[in-house]
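This report describes a protein chain from its overall form down to individual residues. The sequence and the structure are shown first, and the description follows.

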Amino acid sequence: MRDLRARLEQQRAQGLYRQRRCIEGPQGVELMHAGRRLLSFCSNDYLGLANEPRVVGAMREGARRMGAGSGASHLVCGHGAMHQALEEALAAWTGRERALLFSTGYMANLGVLSALAARGDQIYADRLDHASLLDGARLSGARLQRYPHGDAATLADWLERSAPGERFIVTDGVFSMDGDLAPLDRLAALARDHAAWLVVDDAHGIGVIGADGLGSLAHYRLQPADAPILIGTLGKAFGTFGAFVAGSSELVETLIQFARSYIYTTALPPAVACATLEALRIAREEPWRRERLLTLGARLRAGLQSIGLPLAVDADASPATPIIPLLTGSPERAVALSDALMERGILATAIRPPTVPAGTSRLRITLSAAHEESHVDRLLDTLAEVTDVHH
């Protein structure tokens, strides 16, 4: 039998050991941990909706009316009126014929790729795509090639030389660890030229960037036909839980029939669907939340530059996203900086391999519309202090 203890000790020795923190109370820019109040810069609650009273109220009312759980999978008896209403709202908002709810973004990506691609097909994935896209590609049995990050020229060359068969170009819209955008305009053109499917996982773009918060495709002014498969999550900008796939009626029907991660899992609790409908309404009707993210992001990037801290992405390259990675290089240094911030009441998580490539460990700093400028200034002042100490 494999020696699990030795494997865990090796993980510790390499500075890669992961540990959970138990948060006391609701999500927000201030979190309670071990009796201490911490200023948080590591949540994906970009619009500050996870503990928004109107969203919480919608969930409470949904649970009062429909109970705590859905009881079964969507295809047995778990698909309720609120699930249907949310799918219709998401389809209308994204300009697609239909949308389909999944329990998580991970399951959505597994389901899409394993249902649509097969042996003999070709999947081209960005080197920095989310792990769930890569796992879905492997599960499909199709041949997987990973092109250098954002390198549309290399992808074009590979497509020119590709063998016959279905082809899929698979990419994050906003890359979760770097905060930069995929070159979707060029990828969409390549997909058109080579009769390939463009699959966009816009988990970190939906609700946050683009006109009406419609994400990366809207940022590039692309139409639904340019990317026929759009995947989004509900646990980030919308502050709730779950995911969706939006596209044609034929796409959704195909996933209902063949996506195992949809067929064989319990439906979301209907109260979550109620909360998400309210979060979607708020996100659309309160654009100030996205505007605040832009303002705070510009302030933080400028401040990091002024104190000479290295960012993973050029500060002017993708100013629209709330993900700002601060490179440290080694995992040990990332952990040391995270611990130093924690001692001073700030939570910013160390991200290490295999989540990011070797040599690019970092603090992944994320912003929320609930942050204030004073919070950003406190982070900058503390970073200046701790990085000076650790130099």
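## Loop residues with unusual backbone geometry

R221 sits in the loop that runs between α9 and β9 (229–233). In this predicted model, the phi angle of R221 is near 60°, which is a positive value in a residue other than glycine. R221 is exposed, and its relative accessible area is 72%.

D212 also has a phi near 60°, again a positive value in a residue other than glycine. The loop that holds D212 lies between β8 (197–201) and α9 (216–219). With a relative accessible area of 27%, D212 is partly exposed.

A further backbone feature concerns two prolines: the peptide bond from P353 to P354 is cis, with omega near 5°. P354 belongs to the loop between β13 (350–351) and β14 (361–366).

## Overall fold and dimensions

The protein chain contains 15 helices and 14 strands. Its radius of gyration is 21 Å, close to the 21 Å that the globule rule gives for 391 residues, so the chain is as compact as a globular protein of that length. Measured out along the principal axes, the C-alpha trace spans about 60 × 55 × 55 Å.

Contacts between positions distant in sequence make up a stated share of the total: among contacts with a separation of 6 or more, 71% join residues 24 or more positions apart. Of the 391 residues in the protein chain, 52% count as buried.

## Surface and charge

The accessible surface of the protein chain amounts to about 17,300 Å², and carbon and sulfur atoms contribute 51% of this area. As for charge, the chain carries 40 positive and 44 negative side chains. The centres of these two sets lie 5 Å apart.

## Cysteines

The number of disulfides in the structure is 0. C42 is in no disulfide, and the nearest cysteine sulfur, that of C22, is 14 Å away. Since a disulfide requires cysteine sulfur atoms within 2.5 Å, this distance of 14 Å does not qualify. C42 is partly exposed, with 22% relative accessible area.

C77 is likewise in no disulfide; for this residue the nearest cysteine sulfur is that of C274, 17 Å away. C77 counts as exposed, at 59% relative accessibility.

## Helices α2 and α12

A58 is located in helix α2, which covers residues 53–66. The relative accessible area of A58 is 17%; because buried means under 20%, A58 is classed as buried. Leaving out residues up to four places away in sequence, A58 touches C274, A275 and E278. The C-alpha atoms of A58 and V272 are 8.6 Å apart in space, although the two residues are 214 residues apart in sequence.

L277 is placed in helix α12, formed by residues 270–285. L277 is partly exposed, with a relative accessible area of 22%. Beyond residues up to four places away in sequence, L277 touches M82, A85, L86 and A89. L277 is also 65 residues from D212 in sequence, and their C-alpha atoms are 16 Å apart.

## Strand β7 and helix α8

Where in the fold is T171 placed? T171 is in strand β7, made up of residues 167–172. T171 is buried, and its relative accessible area is 0%. Apart from neighbours within four places in sequence, T171 is in contact with a set of residues that includes D126, D129, L133 and Y147. The contacts of T171 also include A182, L184 and L187, together with L198, V199, V200 and D201. T171 and D202 are 31 residues apart in sequence, and the distance between their C-alpha atoms is 8.6 Å.

R186 lies in helix α8, which comprises residues 184–193. R186 is partly exposed, with a relative accessible area of 47%. From C-alpha to C-alpha, R186 and L326 are 28 Å apart in space, and 140 residues separate them in sequence.

Methods
Residues are numbered from 1 along each chain as its sequence is written. This is a predicted model: local features need pLDDT of at least 70, side-chain atom pairs count only at pLDDT 80 or more; totals for chains, interfaces and linings use all residues. Side-chain values use heavy atoms; hydrogens and water are left out. Helices (H or I, at least four residues) and strands (E, at least two) are DSSP runs, numbered from the N terminus. The radius of gyration is taken over C-alpha atoms; the globule rule is 2.2 Å times the number of residues to the power 0.38. Buried means under 20% relative accessible area, exposed over 50%, partly exposed in between (1.4 Å probe, protein chains only). Contact means heavy atoms within 4.5 Å. Accessible areas come from the Shrake-Rupley method with a 1.4 Å probe; for residues, only the protein chains shown count as cover. Lys and Arg count as positive and Asp and Glu as negative; His and the chain ends are not counted. The place of a charge is taken as NZ of Lys, CZ of Arg, CG of Asp or CD of Glu.
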